[in-house]
Amino acid sequence: MKKTVPLKRGQLCLPLFKFLVVMKLAIVLILVSAVQLYAGVYGQKITVQAQQTEIKKILTKIEKTTDVRFLYNYDLAPLNKKIDFTVNNIDLPAALNQLFASTSLQYRILNDNLVVVMAGDNAAAYQPAEIQERKDKLYNQQPLLKINRLSTWFPVNSGFFSRSKVFVKAVNEVSFDVYPGETLGLAGESGCGKTTLGRSILRLIEPTSGSIEFGGTNLRGLGKKDLRDIRKDIQIIFQDPYSSLNPRLTVGDSLMEPLQVHQFYANHTRRKKKVLELLERVNLLPEHFNRYPHEFSGGQRQRIVIARALALQPKFIICDESVSALDVSVQAQVLNLIRELQQELNLTYIFISHDLAVIKHISDRMMIMNKGEIVEMGDPDEIYYHPKEEYTKKLIASIPGN
Ligand SMILES: Nc1ncnc2c1ncn2[C@@H]1O[C@H](COP(=O)(O)OP(=O)(O)O)[C@@H](O)[C@H]1O
Ligand SMILES: [Mg+2]
């Protein structure tokens with residue numbers, strides 16, 4: 001018969017103790033890896049703290065540490081509140097809700113991580129007082145540009161033996177006005193005639209028929225010299241800043257050139273001073289004067305092109321897909337710059353883009369173009385939320401996130 005040995009004190013306690021220690025370690029390990037997994041999956045968290053500061057400063061801090069970018073269509077008032085804001089890239093809407101809950105502002109996420117900050121509900125969401133005031137001012141003026149039944153047709157080769165002439169009606173019987181200080185957006189899918197319309201206004205492409213009246217002058221009646229003179233007042237900024245800058249000229253020389261050609265300012269020293277001011281205005285540095293275009297990023301090059309367009313103090317700028325080639329984050333910076341310049345210099349813009357979301361954001365009024373014709377025109381929000389035309393509905397539906 002087996003003798004049962006009674007357990008001594010502590011004999012049972014030791015395995016139990018070991019077991020508990022192992023369990024504790026396991027729990028700690030599980031917790032640590034869960035936190036790591038969370039951080040890995042959801043991205044790094046960034047906390048921004050600010051007190052008695054402007055909300056814009058907070059947003060700028062967020063821009064520096066994440067790939068979120070903000071566009072402002074409202075002057076951001078100082079915020080006398082303590083903000084403790086955590087950005088989590090995955091849950092951006094929740095993070096923004098948390099931030100904007102303590103302000104009277106609203107935001108809208110445009111594309112992925114491009115955020116528009118605007119006047120809040122208190123100022124009426126779609127018709128803030130500021131916007132109404134701006135509209136009253138803009139549309140009580142005489143138009144700066146009047147386009148009447150403008151057409152630009154391109155002949156196409158219809159075969160050697162064919163007698164009938166065939167045309168691509170790139171722009172067909174288009175009429176609209178642009179008011180001083182306004183941004184008129186022009187949207188439509190690729191190939192609908194936007195660029196042809198923009199270039200036809202400047203007669204860089206000769207229109208087939210119709211009239212273009214700028215500041216009371218009929219541009220279609222002008223000779224070469226007068227046309228060259230009036231082109232000082234109307235500038236055009238294209239999509240690809242690299243091809244519109246001469247790679248062999250330094251940035252300084254590129255900006256000096258139009259000033260020399262048009263004999264702006266008395267001498268080289270004054271012209272250089274002016275160019276340095278222009279560089280500063282578009283947030284570039286004096287040392288950039290002696291650098292070549294290839295030494296810059298896409299966004300910087302587009303800012304150089306904007307500075308060059310501003311050199312001759314134009315009244316009117318046609319921006320043709322000016323931000324389309326840029327990263328979303330850089331787009332926001334350039335769009336903000338374009339808007340600031342308008343307020344400062346009372347510029348008038350036609351802003352062309354295939355990206356309806358961008359057009360809607362930047363425009364006072366917008367036009368939708370299809371197959372050479374304007375199919376819809378009016379208030380951007382009205383068109384965006386209540387499109388009348390099938391074509392516009394499709395265009396809106398094709399915006400990512402809609
Ligand atoms: N120089 C040209 N010769 C013939 N057809 C042209 C010329 N330029 C543009 N087109 C045609 O005119 C239409 C409108 O082009 P475009 O104005 O570049 O459109 P968008 O800028 O909206 O993309 C297209 O069908 C295009 O092929
Ligand atoms: Mg185009």
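Which hand does the crossing of α7 and α8 have? The crossing of these two helices is right-handed, and this tour will bring you to that spot after a few words of orientation.

**Before you start**

This is a predicted model, in which local features need pLDDT of at least 70 and side-chain atom pairs count only at pLDDT 80 or more, while totals for chains, interfaces and linings use all residues. Residues are numbered from 1 along each chain as its sequence is written, and chains are lettered from A and ligands numbered from 1 in the order in which they are written.

Helices (H or I, at least four residues) and strands (E, at least two) are DSSP runs numbered from the N terminus.

**Stop 1: helices α7 and α8**

Select residues 251-261 for α7 and residues 268-281 for α8; the two pack at an angle of about 125°, with their axes 10 Å apart. Axes here are lines fitted to C-alpha atoms, for helices over the stretch in contact, and angles run from 0 to 180 degrees between N-to-C directions. The pair is therefore oblique: angles under 35 degrees count as roughly parallel, over 145 as roughly antiparallel, 65 to 115 as roughly perpendicular and the rest as oblique. As for the hand, a crossing is left-handed if the near helix is turned anticlockwise from the far one by less than a right angle, and right-handed if clockwise; α7 and α8 cross in the right-handed way.

Now show the side chains. From α7, the contact takes Gly252, Leu255, Met256, Leu259 and Gln260, and from α8 it takes Arg271, Lys272, Lys274, Val275 and Leu278. (Residues are in contact if their C-beta atoms, placed from the backbone, lie within 7 Å.) This contact holds 5 nonpolar, 2 polar and 3 charged residues, where Ala, Val, Leu, Ile, Met, Phe, Trp, Tyr, Cys and Pro count as nonpolar, Asp, Glu, Lys and Arg as charged, and the others, Gly among them, as polar.

**Stop 2: on to α9 and α10**

Keep α7 selected and add α9: their axes lie 8 Å apart at an angle of about 25°. These two are therefore roughly parallel, and their crossing is right-handed. Val251, Ser254, Leu255 and Pro258 of α7 make the contact with Ile304, Ala307 and Arg308 of α9. By class, that gives 5 nonpolar, 1 polar and 1 charged residues.

Next, pair α9 (residues 298-310) with α10 (residues 328-345), whose axes come within 10 Å and cross at roughly 15°. They are therefore roughly parallel to each other, again with a right-handed crossing. Look for Gly298, Gly299, Gln302, Arg303 and Ile306 in α9, meeting Val330, Gln333, Val334 and Leu337 in α10. Here the classes are 4 nonpolar, 4 polar and 1 charged.

**Stop 3: the six-stranded sheet**

Which strands make up the open sheet of 6 with mixed pairing? Running across it, you will find β13-β14-β15-β10-β16-β17. Two strands pair if DSSP finds at least two bridges between them. β13 (234-237) and β17 (373-378) are the edges; each has a single partner strand, so one side of each is left without a neighbour in the sheet. Neighbouring strands are turned by 20° against each other on average, direction ignored.

Zoom in on β13 and β14 (residues 316-320), which run parallel and are joined by 4 bridges. There, isoleucine 234 stands opposite phenylalanine 316. Then select residues 390-397: this is helix α13, packing on the sheet and touching β10 (183-187), β16 (365-370) and β17, with its direction at about 105° to that of β16.

**Stop 4: the four-stranded sheet**

A second open sheet has 4 strands in the order β9-β8-β11-β12, with antiparallel pairing. Its edge strands, β9 and β12 (217-218), pair on one side only. Between β8 (residues 145-156) and β11 (residues 209-214) there are 5 bridges; try asparagine 148, whose bridge partner in β11 is serine 211. Across β8, β9 and β11 lies α5, running at about 65° to β9.

**Stop 5: ligand 1**

Finish by selecting ligand 1. Its surroundings include Phe154, Val168, Ala170, Lys194, Thr195 and Thr196, counting a residue as near if its C-beta atom, placed from the backbone, lies within 6 Å. β9 (166-178) and α5 (194-201) each supply at least two residues of this shell, and α5 gives the most, with 3. The shell has 4 nonpolar, 6 polar and 1 charged residues.

Terms used:
Two residues are in contact if their C-beta atoms, placed from the backbone, lie within 7 Å.
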